[in-house]
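Dear colleague,

I am passing on the structure we spoke about, placed just below, and after it I set out what was found. Please read the notes with the structure open beside them.

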Amino acid sequence: MYFLDVTAWTVQNLVIRIVAAFILGTLIGIDRGAKRRGGGARTDAAVCVGAAVVMMTGQYMEIRYPGASDMARMASQVVSGVGFLGAGSILVTGHQVKGLTSAASIWICACVGLAVGIGFLDGAIAATGILLTGLHILPWAEEKIYRHSRYVILYIEAVEGGVTAELLRRFREDGCKVDVFEVDRSGTEMRSLTITTTIRIPSGQNKEAYIESLMEVIGILSIDSM
């Protein structure tokens, strides 16, 4: 039982589907654009309308040529094919990966468009509403939760000469749990190296103060944390 039944193949329902896809895609895109992130209103609206048209084309082919087409196959091609847009919005800068949420929003726009295209407006509207609500609530919840996390990612610039072993010894003596420890020796004239490590700082230790104390290790030039 649907509250909004636009599954019948009529001109009115087709127009409603396209307009609904445009509006829902625009809402998702505006939310991303307002935060100055990738996948703005025009991109998301276009993806959503395009996916809806593909789904409507599949329904048309099923009505026009019964048994000669597969709507599920057309939908699956949209879900997988839209990935190239998402990949284009992902940026790797330094030690950070940005754009994953924007890529996911583009993919979700395609899924919303498919739902609208087949006439499943209830599901499309509910998904859009929950998504937009979640995108505003989750950052607040993450900040509250991560603030109490004992895990920290460190990016350490150091010079060659035993600093790796000394740093691991320091972690072991201080009771830190090392989850990840990667050393990048992409050669430079100063014979420096970059250490990327994820550690769990024991309870009772102030994270900021402990990270600052690591500068005491001979050979460390700088430390950035996340």
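Arg170 and Asp174 are both part of helix H7, where four residues, or about one turn of the helix, lie between their positions. Salt bridges with shared partners also join Glu166, Arg169 and Glu173 into one network. Please keep in mind throughout that this is a predicted model.

To begin with the pair named above, Arg170 and Asp174 form a salt bridge in which the closest N and O atoms are 2.7 Å apart. The two partners differ in their surroundings, because Arg170 has a relative accessible area of 15%, under the 20% limit, and is therefore buried, whereas Asp174, at 24% relative accessibility, counts as partly exposed.

The network is built on Arg169, whose side chain meets that of Glu166 in a salt bridge at 2.3 Å, N to O, and that of Glu173 in another at 2.4 Å, N to O. Glu166 is three residues from Arg169 in helix H7, which means that about one helical turn separates them; Glu173 is four residues from Arg169 in the helix, and here too the separation is about one helical turn. Arg169 counts as partly exposed at 30% relative accessibility, and Glu166 likewise counts as partly exposed at 30%, while Glu173 is exposed, with a relative accessible area of 54%. As a general point, side chains of opposite charge can pair when their charged atoms come close. A search of the whole structure finds three salt bridges.

What, then, is the form of helix H7, and which of its residues are buried? The helix runs over residues 163-174, has 12 residues, and reaches 16 Å from its first C-alpha to its last, close to the 16 Å expected at 1.5 Å a residue. Its buried residues are Val163, Thr164, Leu167, Arg170 and Phe171. Viewed down the axis of H7, these buried residues fall within an arc of 125 degrees, so they line one face of the helix. The face turned away from that buried side carries the exposed residues Ala165, Arg172 and Glu173. The cover over the buried residues of H7 includes strand S3 (151-159), strand S4 (177-184), strand S5 (192-200), helix H8 (207-213) and strand S6 (220-225). Just after H7, Gly175 takes a positive phi of about 80 degrees.

I turn now to helix H1 (residues 11-34), in which Val19 lies, as does Phe22. A nonpolar patch on the surface is formed by Val11, Val15, Val19, Phe22, Ile23 and Leu27, which together have about 550 Å² of accessible area. Within this patch, Val19 counts as partly exposed at 42% relative accessibility, and Phe22 also counts as partly exposed, at 47%.

Which residues does Phe22 touch, leaving aside those up to four places away in sequence? They are Ala45 and Val49. Finally, the C-alpha atoms of Phe22 and Glu216, which are 194 residues apart along the chain, are separated by 57 Å.

With kind regards

Technical notes
Residues are numbered from 1 along each chain as its sequence is written. This is a predicted model: local features need pLDDT of at least 70, side-chain atom pairs count only at pLDDT 80 or more; totals for chains, interfaces and linings use all residues. Side-chain values use heavy atoms; hydrogens and water are left out. Patches are made of residues with over 30% relative accessible area and no salt bridge: like charges are joined within 9 Å, nonpolar side chains (Val, Leu, Ile, Met, Phe, Trp, Tyr) within 5 Å. Accessible areas come from the Shrake-Rupley method with a 1.4 Å probe; for residues, only the protein chains shown count as cover. A salt bridge is a side-chain nitrogen of Lys or Arg within 4 Å of a carboxyl oxygen of Asp or Glu. Helices (H or I, at least four residues) and strands (E, at least two) are DSSP runs, numbered from the N terminus. Buried means under 20% relative accessible area, exposed over 50%, partly exposed in between (1.4 Å probe, protein chains only). The expected span of a helix is 1.5 Å times one less than its number of residues. The arc is that of the directions from the helix axis to the C-beta atoms. Contact means heavy atoms within 4.5 Å.
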